[in-house]
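Let's take a friendly walk through a protein model. Have the sequence and the 3D view ready as you read.

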Amino acid sequence: MKIHEYQAKQILREFNVPVPEGYVAFTADEAVEAAKKLPTKIAVVKAQIHAGGRGKGGGVKLAKSLDEVREIAEKMIGMTLVTHQTGPEGKVVKKVLVEQGVDIDRELYLGVVLDRSKSELVMMASTEGGVEIEKVAAESPEKILKEWIDPALGLQAYQARKLAFGLGLSGKQVSNAVKFMMALYNAFIAKDASLAEINPLVVTKQGDVLALDAKINFDDSALYRHPELLELRDLDEEEPLEVEASKYHLNYIKLDGNVGCMVNGAGLAMATMDIIKLAGGDPANFLDVGGGANVETVRNGFKIILKDPNVKAILINIFGGIVRCDRVAQGVIEAVQSIDVNVPLVIRLAGTNAEEAAEMLEKSDLEFTVATSLADAAQKAVQVLQN
């Protein structure tokens, strides 16, 4: 789950992570009132959307007076902000963060994420603050410093000092940076985060270290432990089909292709999308119906997939392990009979009771294409698009 910058900074404050003073505003009047509370005459007005690259898109502006705060907020609230992460359709700005100006000396990068290859969290730091870390990793990987964190020990002070020295910090900057890193790690662990990214992490001319921007994502599987985080969810910022799918307990992610995918198991779903690409097609979604696929699950899966106007064909790829193929086949038959499936269907069922499932589909008089293997399924899904 993602949250807004102003919400992330509220959480960081709880754990004594230094952040600039700022207030969220939903109107221009509220933005002016927020600016009046700030300790600096210069205010920064920042669009609050779930996407990076806001500054380049015109979503971050400096204001030197209350009149400028009002003018900027009036233009920003309600605008459609387009960044490299929103796609060409952009996102509508419904609120802004009005924040104090900061006397910046250096801009750095700091992040915490899980390194799945080592089953450990890793804290990353770089002198290339303000730049997408993916770009730094691709062009200058040597500029990314990393410290892996033993889950039994947690982040150690010596590791934080090592990162601070690696960033070229000195004097009280080092101790301030160490305190910052330790507090950020504590926040990450306590809230079951999946990502914490401070970009830029700034060093002021007074030697203070604080989060000028903050991005925190949370592990959805741990949200049951954090009802206070669920209250921060902004459904307006999420893909509507993904929100609807979550109500049915379906694992769905919308993509840009035209071949809808209904698969059981995340690994098989990933493989199905890959092989569709290899066959020359483009998957329209990731949809894992889980190990207990039944009539209701399949019906809901169809409803979600078919609401995407880009979908021109659907590939159903089920491996019968926990779930029997004949149950899935029955689910497909009843679902298709109850809703209007107006695109070609390609079905591949393998595993437990696959032969019985094939017989059921054959006798159903439904219009579909049967595939015998994963590769065959992908090729046939691409072929029906061309017919």
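## What counts as a pocket

On a 1 Å grid over the protein atoms alone, a pocket is an open set of points where a 1.4 Å probe fits, with protein on both sides within 12 Å along at least five of seven lines; its lining residues have an atom within 4 Å of a point. This is a predicted model, where local features need pLDDT of at least 70 and side-chain atom pairs count only at pLDDT 80 or more, while totals for chains, interfaces and linings use all residues. Residues are numbered from 1 along each chain as its sequence is written, and side-chain values use heavy atoms, leaving out hydrogens and water.

## The largest pocket

Which residues lie nearest the centre of the largest pocket? They are E238, E239, E242, Y252 and I253, out of 34 that line it. Two or more lining residues come from each of β5 (91-92), α8 (240-247) and β13 (251-254); such helices (H or I, at least four residues) and strands (E, at least two) are DSSP runs, numbered from the N terminus.

The lining has 13 nonpolar, eight polar and 13 charged residues. Here Ala, Val, Leu, Ile, Met, Phe, Trp, Tyr, Cys and Pro count as nonpolar, Asp, Glu, Lys and Arg as charged, and the others, Gly among them, as polar.

## The second largest pocket

Now find G53, R54, N199, P200 and D213: of the 46 residues lining the second largest pocket, these are the closest to its centre. Its lining divides into 19 nonpolar, 13 polar and 14 charged residues. Among the elements supplying at least two of them are β7 (104-115) and β10 (193-204).
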